[in-house]
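User: I have a model open here and want to go through a few residues and the DNA side. Can you take my questions as they come?

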Amino acid sequence: MKAEYRKGCRQRDSVEREGDAGARSIEAREGKERDGAEGLMERILNRENLNRAYKQVKRNHGAPGIDGMTVEAASPWLRENRDGLLQSIREGHYKPSPVRCKEIPKPDGSGTRKLGIPTVVDRVIQQAIAQQLQPLFEPLFSEGSYGYRPGRSAQQAIRKVKTYAEQDYGHAVEIDLSKYFDTLNHELLLNLLRKRIPDKRVIDLIKKYLKSGVMENGVRRATEEGSPQGGPLSPLLANIYLNEFDQEMESRGVTVIRYADDIVVLAKSRRAAERLLESSRTYLEQKLKLHMNTQKSKVVSIVAQKHFKFLGFALGKNGKGVYIRVHRQSLAKAKKKLKELTSRSQGRKARQVMENVKVYIRGWIGYFYVADMKRILQGWNEWLRRRMRMYIWKQWKKPRTKVQNLQKLGIPEWQAYQWGNTRLGYWRIAGSAVLNRSVTNARLAQAGYYDFPAQYERLRQLHSNG
DNA sequence: GGGGCTTAGAC
RNA sequence: UUUGUCUAAGCCCC
């Protein structure tokens, strides 16, 4: 019970003091060798850089940290206290605030995840650091790494897996790291940073952020593992850390596709995959001190139905070859959302409903367009039109209104009267010929119904050549 | 090429 | 209420 209470909030707690004695000797040694190069700190604290950092934090509209300061309030505060803040950072006695602990439910409903929310000011500083570190580390990263990286997307990652699958890599090791962000080893990470960052003051600042602790019921608790899931710097640090795995595998000639902590190791045979699962596990646990979830990490056939899932996609195989599909879970989630959007929401106009559906599907297709789903979208199109007809029919409510509206839309009087007074179910009516001839596709389109299969084709065309 | 806003998705 | 990075689409501005 007590141990459970102690389980950290995105960062592991330290049961004892905030010990960092182990670091000191290494640090002192490194510091001496690297006192020549300075300037990174200056670039971080540069006016333009800080300004860009603040804008980024502001446009996220994120919630306040432990001090309750909002992004709006931070602007005048920073203007007022900028010089003092920058001076204390430069002189090395700035002390970041602990992160605010917040538990939020996972999107799929399975359990909760813990966030560590830094104060707005700390988010600005971390962002400023990240902006300068990113270009320094980008060139070091592996070709197979796609998460949190500029110019790289999940679509590129799944396409890469597809390419390998076509080249005889039929098996995948799916590696699931439990609580990856929470279990990064500080000393290991700092040593990786020291190799590339000559400015000791920057290292010390990052170290302070790693050790800044979490606030829980008014009590600060130190952190000796992990990086706060919520800090702007954390994604980059996560990549720097797992880059060691990428590089090690690359040197062994092993193909790895990685998106953040979602790792896929490819193999040409099941036996090779089994061996790679074991060797990956050894490296991740012994060398990187991470915890592999042995239940969820497994070897699967890439093209077997339902087995391989990566970034919301799956791969399939037919006579023509390997193809990308939307994973059934993602399809189910989207269908559920569409149902919700088109169900009798209190008094929304049909136009508004169609606008909401449009916005949702536009974004959804913008992500999943790399998957082959022409038929699925055509099916959804039929279904959604019928849902909209049902929605409109329900809004007419009274038999009198139904008769009048049907007539207005070109249905002969006798038939309008018959259908206006029918006792058939809504779904039946929505699919009837009478409703198809009155609330026509053209009229739906005119009212703002979104032709998303066309958008899908357009996007595919756009990205297939150029 | 840059900037603003909104939405969607991955982690 | 719920943090962060990245990507995409749509609209708008230079």
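User: Tyrosine 426: buried, partly exposed or exposed?

Analyst: Tyrosine 426 counts as partly exposed because its relative accessibility is 43%. Buried means under 20% relative accessible area, exposed over 50% and partly exposed in between, with a 1.4 Å probe and protein chains only.

User: Which residues does tyrosine 426 touch?

Analyst: Leaving out residues up to four places away in sequence, tyrosine 426 touches Met390, Trp393 and Lys394. Contact means heavy atoms within 4.5 Å. Tyrosine 426 itself sits in helix α18, residues 426-430. Helices (H or I, at least four residues) and strands (E, at least two) are DSSP runs, numbered from the N terminus.

User: And glutamine 295, where is that?

Analyst: Glutamine 295 is in the loop between α12 (270-287) and β10 (298-301). It counts as exposed because its relative accessibility is 70%. Its C-alpha is 8.6 Å from that of aspartate 176, and the two are 119 residues apart in sequence.

User: Before going on, what kind of model is this?

Analyst: It is a predicted model, where local features need pLDDT of at least 70 and side-chain atom pairs count only at pLDDT 80 or more, while totals for chains, interfaces and linings use all residues. Residues are numbered from 1 along each chain as its sequence is written, chains are lettered from A and ligands numbered from 1 in the order written, and side-chain values use heavy atoms, with hydrogens and water left out.

User: What is the mean pLDDT of chain A?

Analyst: The mean is 90, and 91% of the residues of chain A reach 70 or more. pLDDT is the predictor's confidence in each residue, from 0 to 100. Among the elements of chain A, helix α1 (residues 2-6) has the lowest mean, 37, and strand β8 (residues 255-259) the highest, 98.

User: OK, DNA. Which residues come nearest to strand B?

Analyst: Of the 14 residues around DNA strand B, the nearest are Arg59, Tyr148, Tyr259, Asp261 and Tyr367. A residue is near a strand if one of its heavy atoms lies within 4 Å of it. Helix α14 (residues 350-368) gives the largest share of that surface, six residues.

User: How far is aspartate 261 from the strand, side chain to oxygen?

Analyst: An N or O atom in the side chain of aspartate 261 is 2.2 Å from a sugar or linking oxygen of DNA strand B. For tyrosine 367, a polar side-chain atom lies 3.0 Å from a sugar or linking oxygen of DNA strand B.

Key: Polar contact = N/O pair within 3.5 Å; in protein donor to acceptor, adjacent residues only side chain to side chain.
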